[in-house]
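Reader: I have this model open at my bench, and I would love a close look at one part of it. Please take me through the charged pairs, and then through the surface and loops beyond them.

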Amino acid sequence: MTVRNEMEDFHCKYLSDAQMRELNPMIRNAIATALYTARNYSEDEASFEWTNFQLKLIPEYWEEPELTEDFRKLVKSLRRHREALQKSSGTAGEP
């Protein structure tokens, strides 16, 4: 859903619904594979080989990935909420 939501404006501007229906499962399957191989990297030879090969394919000119703006906003909101709770309970500054 994160990828789909991030792509929504691009989809509306450049891709038909039919194109998105074709693209969505490819993206989901690729993400599922990447997550599976990352999780099983240390325990599974195929995951180890797949991940290392994929890492070699990343071009040097690609920018570093960033967390999405929506997620960063959520993190800030949760921090503010936690700090407010700590202040109201008198535990501000305690771990």
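Author: Happy to! Helices here are DSSP runs of type H or I with at least four residues, numbered from the N terminus. Please keep in mind that this is a predicted model.

Let's begin with the charged pairs. Searching the whole structure turns up 2 salt bridges. One of them joins R4 to E8, with 3.3 Å between the closest N and O atoms. Both residues belong to helix α1, which covers residues 2–14, and because they are 4 residues apart there, about one helical turn separates them. As for their surroundings, R4 is partly exposed at 33% relative accessibility. E8 is also partly exposed, with a relative accessible area of 21%; the cut-off for buried is under 20%, so a value of 21% falls in the partly exposed class.

E8 deserves a second look, since α1 bends by about 50 degrees at this residue. You might like to check the helix length too. With 13 residues at 1.5 Å a residue, α1 should span 18 Å, and its end C-alpha atoms are 19 Å apart, which agrees.

The other pair is K73 with E69, where the closest N and O atoms are 3.2 Å apart. This pair sits in helix α4, residues 69–89, and its members are again 4 residues apart, or about one helical turn. K73 is partly exposed at 49% relative accessibility; exposed requires over 50%, so K73 stays in the partly exposed class. Its partner E69 is partly exposed as well, at 46%.

Now to the loop that comes before α4. I58 lies between α3, residues 45–57, and α4. The relative accessible area of I58 is 44%, which makes I58 partly exposed. I58 also contributes to a nonpolar surface patch of about 520 Å², together with L55, Y61 and W62.

One more loop is worth a visit. E43 is found between α2, residues 17–39, and α3. At a relative accessible area of 63%, E43 is exposed. If you want a distance to try in your viewer, take E43 and N29: they are 14 residues apart in sequence, and their C-alpha atoms are 21 Å apart in space.

To put the charged pairs side by side once more: R4 and E8 pair up within α1, while K73 and E69 do so within α4.

Terms used: Residues are numbered from 1 along each chain as its sequence is written. This is a predicted model: local features need pLDDT of at least 70, side-chain atom pairs count only at pLDDT 80 or more; totals for chains, interfaces and linings use all residues. Side-chain values use heavy atoms; hydrogens and water are left out. A salt bridge is a side-chain nitrogen of Lys or Arg within 4 Å of a carboxyl oxygen of Asp or Glu. Helices (H or I, at least four residues) and strands (E, at least two) are DSSP runs, numbered from the N terminus. Buried means under 20% relative accessible area, exposed over 50%, partly exposed in between (1.4 Å probe, protein chains only). Patches are made of residues with over 30% relative accessible area and no salt bridge: like charges are joined within 9 Å, nonpolar side chains (Val, Leu, Ile, Met, Phe, Trp, Tyr) within 5 Å. Accessible areas come from the Shrake-Rupley method with a 1.4 Å probe; for residues, only the protein chains shown count as cover. The expected span of a helix is 1.5 Å times one less than its number of residues. The bend at a residue is the angle between axes fitted to the seven residues ending there and the seven starting there.
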